[in-house]
Amino acid sequence: MTARHQSAARCPVRGHTPPPQRHLPIYGPAFDADPQATYRRLRELGPVVPVEISPGLFGYLAVTYQACVYLLRNTPVLFAKDPTDHWEALKNGQIPPDSPALQMMMPRDNALWKDGPEHARLRGAITGALARIDTYALADTVARVADRLIDTFLAAGQADLIAQYADPLPMLTVIDLFGSTPDHGQRIIQLVTRLFAAGPDAAQANAALEAACLELVRLKRDRPGRDIVTYLIQAGLSDTEMVQTLLLLFGAAAPPTAKHIGRGIQRLLTNERFAGSVHTGVTPVAAALEEVLWTEPPVANYSPLYARGRQHVEGVPVEPGYPIVISFAAANSDPAVTVDYDDRAGNRAHLAFSAGAHGCPAPGLARVISEAAIEHLLDRLPALTLAAPADEVPELPGTFLAGPASLPVRFQPARTGR
């Protein structure tokens, strides 16, 4: 065992309130200011390290590429996804119900949190429904949504492209795919945003979101259409499974894609290597967005899983009963796999879409939305520039999602209409 592995092995997660100095927090101002500094420090301790995920909620964080791949590829054989029987603190009622991280990690009746036949059945319903999406029609939907959003600020010559474009666009696109009415869709969008902010009202947002999704399910049972919700109903899912599957699809498709779009725009406006070449067509938007998935994945840390008995990961013992969170951001920045951009062109071995049995079921659809959104924006906004110093663009705080919190820009104003 190497010295760094011995260091990690000396501080296993024991009890619900372990010594805080041995469990680096992956939340709060210090972490938010420079997450990569925390990942580098953790990698010095080992590939899988005890951390405090949120106040009073302890577990492990996998921070090397090989460790993350091993964990994801060995689920569900050596590691389980369902917290119900495997998360001791949750079973013992030791996690406050208003814990922000709990809303992101609690067991739900959808494919993300199931193992074995149940997982296969629920995931099969999702992949079957998503396979019916016409990618050309999806790109047209994105363009239509993009035009509607751009028209609201085009005459002003300035905008915050996070609040006014990147954040709402994927949600509005998903709402369209779900066949929701505009008013109901707007309510769902607001609740998803509150839930993923992982703030003090996350529990209330979750309850309200579940109720809104149930309304949509009942509407589609009465009035089916050619939409994702109807396709899932036709696959035989119960109301409870439908609600939690819709939450999964909203959560997987909208906030991460929004952050990918926002980061992609930021990169094009601040990185000379991409900005000039994208505008001249030398480098396609797709290539720039793929580089973002390597260097700054929108889902920084997630996909919790649980050891089935005591396991060893890269020589480090991992105790059962505690969540093991996958750090996609740390894995992709691991020096063991980091190479220059020119050498990485066309390489999609990053973990931004996870991997294994619970990997993203439709990364191609996410790519279509992100690429179409940015291409349409560049077409419609001449002379687009950042309206703030690049080093003053604020970052989104939090453990799970990463991206710019706002992106003020200027451009040549114009009248709406195309």
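This section describes the strands, a buried helix, the internal cavities, the salt bridges and the cysteines of a predicted model.

The strands are taken up as an open sheet. Six strands form this sheet in the order β1-β2-β3-β9-β6-β4, and their pairing is mixed. Its edges are formed by β1 and β4 (79–80), each of which pairs on one side only. At one edge, strand β1 (residues 24–25) runs parallel to β2, and the two are joined over two bridges. Within this pairing, Leu24 stands opposite Val51 of β2. At the other edge, β4 pairs with β6 in the antiparallel sense, again over two bridges. Here Phe79 has Ala307 of β6 as its bridge partner.

Strand β2 (residues 48–54) is mostly covered, with seven of its seven residues buried. On its other pairing, β2 meets strand β3 (residues 57–62) in the antiparallel sense over six bridges. Pro50 has Tyr60 of β3 as its bridge partner. The hairpin of β2 and β3 has two residues between the strands, and Gly56 in this hairpin takes a positive phi near 80°.

Helix α14 (residues 239–253) contains 15 residues. From its first C-alpha to its last, α14 reaches 21 Å, close to the 21 Å expected at 1.5 Å a residue. Of the 15 residues of α14, 11 are buried, so the helix is largely enclosed by the rest of the structure. The buried positions of α14 include Glu241, Gln244 and Thr245 as well as Met242, Val243, Phe250 and Gly251. The run of Leu246, Leu247, Leu248 and Leu249 in α14 is also buried.

The same helix recurs in the description of the internal space. Two cavities of 30 Å³ or more were counted. The largest cavity holds about 1,000 Å³ of space. It is lined by 48 residues, of which Leu248, Gly251, Ala252, Ala253 and Cys360 are the closest to its centre. Two or more lining residues come from each of α6, α7, α10, α11 (182–196), α14, α15 (255–270), β6 (301–307) and α20 (363–380). Helix α14 gives the largest share of this lining, with six residues. Leu248 and Gly251 are among the buried residues of α14, and both are also among the lining residues closest to the centre of the largest cavity.

The charged side chains form 19 salt bridges in the model. One of them joins Lys91 and Glu88, with a distance of 3.4 Å from N to O. Lys91 and Glu88 lie three residues apart in helix α5 (residues 88–91), and about one helical turn therefore separates them. An α-helix has 3.6 residues a turn, so residues three or four places apart point the same way. Both members of the pair are partly exposed, Lys91 with a relative accessible area of 46% and Glu88 with 33%.

Other salt bridges connect positions farther along the chain. Glu210 pairs with Arg108, and their closest N and O atoms are 3.4 Å apart. Glu210 belongs to helix α12 (residues 202–222), whereas Arg108 sits in the loop between α6 (100–105) and α7 (116–130), so this pair ties together parts that are 102 residues apart in sequence. Glu210 is partly exposed, with a relative accessible area of 25%, while Arg108 is buried at 9%.

Asp176 and Arg144 form another salt bridge, with 3.5 Å from N to O. This pair links distant parts of the chain, since Asp176 is in helix α10 (residues 168–178) and Arg144 is in helix α8 (residues 135–151), 32 residues apart. Asp176 is partly exposed, with a relative accessible area of 39%, and Arg144 is partly exposed at 42%. In addition, Arg263, Arg267, Glu296 and Glu395 are joined into one network by salt bridges that share partners.

The model contains zero disulfides. Among the cysteines, Cys68 is buried, with a relative accessible area of 0%. Cys360 is partly exposed, with a relative accessible area of 32%, and is one of the residues closest to the centre of the largest cavity.

Notes
Residues are numbered from 1 along each chain as its sequence is written. This is a predicted model: local features need pLDDT of at least 70, side-chain atom pairs count only at pLDDT 80 or more; totals for chains, interfaces and linings use all residues. Side-chain values use heavy atoms; hydrogens and water are left out. A disulfide is a pair of cysteine sulfur atoms within 2.5 Å. Buried means under 20% relative accessible area, exposed over 50%, partly exposed in between (1.4 Å probe, protein chains only). A salt bridge is a side-chain nitrogen of Lys or Arg within 4 Å of a carboxyl oxygen of Asp or Glu. Helices (H or I, at least four residues) and strands (E, at least two) are DSSP runs, numbered from the N terminus. The expected span of a helix is 1.5 Å times one less than its number of residues. Two strands pair if DSSP finds at least two bridges between them. On a 1 Å grid over the protein atoms alone, a cavity is a set of points where a 1.4 Å probe fits but cannot get out, and a pocket is an open set with protein on both sides within 12 Å along at least five of seven lines; lining residues have an atom within 4 Å of a point. Grid points are joined across faces, edges and corners, and a volume is the space filled by probe spheres set on the points.
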